[in-house]
Amino acid sequence: MLGTKASLNSDTQLGLNFAYMLGAHVGIELLAATPFTHDVGVKGMPGPFAGLNGKLGELKQLPPTLSLLYYPLDSASRFQPYVGAGINYTWFFDDKLSGAARARASVAWTWRTPGAWPPSWAWTTCSARTC
């Protein structure tokens, strides 16, 4: 919606790199880290959605990354710049909808146009865990 803003706080965690040299100039590297935890929220929701403003919940994520690296200098060099490319699969888990957001997400409207035939129209929001 126009004028709304999603929020996600940052987190810093310990990361470990494991490298294996395939040759004098080429290696593979695995990046592993402890789980990152983020608070998720929204700001600026208008009108009937205004109750959703604030913290919606939290989630955890792990970003393991596997990279192929190229080291252009001789292996005996004291300085070792490199260039690499890799793949990443970020795994999201342990997501929790806050109690306040759960209560606010049960918004529903139903109305009927005078003289119109049934049925009524309804709209409801919910999380995947509550529907």
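A salt bridge here is a side-chain nitrogen of Lys or Arg within 4 Å of a carboxyl oxygen of Asp or Glu. By that criterion, Asp94 and Lys96 form a salt bridge, with their closest N and O atoms 3.7 Å apart. Please keep in mind while reading that this is a predicted model.

**Overall layout**

Let us start with the whole chain. The protein has 131 residues, and 16% of them count as buried. Its accessible surface comes to about 9500 Å², and carbon and sulfur atoms account for 64% of that area. The secondary structure consists of 1 helix and 10 strands. Read from the N terminus, the elements follow the order β-β-β-β-β-β-β-β-α-β-β. Among contacts in the protein with a separation of 6 or more, 54% are between residues 24 or more positions apart.

**Salt bridges**

Back to the charged pairs: the whole structure contains 3 salt bridges. The table lists them with their closest N and O atoms.

| Acidic residue | Basic residue | Closest N and O atoms |
|---|---|---|
| Asp39 | Lys55 | 3.4 Å |
| Asp94 | Lys60 | 3.6 Å |
| Asp94 | Lys96 | 3.7 Å |

Take the pair of Asp39 and Lys55, which forms a salt bridge. Asp39 belongs to strand β4 (residues 36-43) and Lys55 to strand β5 (residues 54-62), so this salt bridge ties together parts that are 16 residues apart in sequence. Asp39 is partly exposed, at 30% relative accessibility, and Lys55 is partly exposed as well, at 43%.

Next comes the salt bridge between Asp94 and Lys60. Asp94 sits in strand β8 (residues 91-97) while Lys60 sits in strand β5, so the two residues tie together parts that are 34 residues apart in sequence. The relative accessible area of Asp94 is 33%, which makes Asp94 partly exposed. Lys60 also counts as partly exposed, at 25% relative accessibility, and so does Lys96, at 46%. Through shared partners, the salt bridges join Lys60, Asp94 and Lys96 into one network.

**An open sheet**

Now for the strands. One open sheet is built from 4 strands in the order β2-β3-β6-β7, paired antiparallel. Its edges are β2 (15-21) and β7 (83-88), each of which pairs on one side only. Neighbouring strands in this sheet are turned by 20° against each other on average, with direction ignored. As a general point, strands of a sheet pair through backbone hydrogen bonds, either parallel or antiparallel. Between β6 and β7, which run antiparallel, there are 6 bridges. Leu68, for instance, has Ala85 in β7 as its bridge partner.

**A look at Thr65**

Strand β6 (residues 65-70) includes Thr65, which makes a good residue to zoom in on. Is Thr65 buried or exposed? Buried means under 20% relative accessible area, and Thr65 has 17%, so Thr65 counts as buried. A polar atom of the Thr65 side chain lies 3.1 Å from the backbone oxygen of Pro63. Which residues does Thr65 contact once its neighbours within four places in sequence are left aside? They are Glu29, Leu30, Leu31, Ile87 and Asn88.

Key: Residues numbered from 1 in each chain as written. Predicted model: local features only at pLDDT ≥ 70, side-chain atom pairs only at ≥ 80, totals over all residues. Heavy atoms only, no water. Buried < 20%, exposed > 50% of the residue type's maximum accessible area, 1.4 Å probe, protein only. Polar contact = N/O pair within 3.5 Å; in protein donor to acceptor, adjacent residues only side chain to side chain. Contact = heavy atoms within 4.5 Å. Pairing = 2+ DSSP bridges. Axes fitted to C-alpha atoms, helices over the stretch in contact; angles between N-to-C directions. Areas by Shrake-Rupley, 256 points an atom, 1.4 Å probe, with all protein chains shown as cover.
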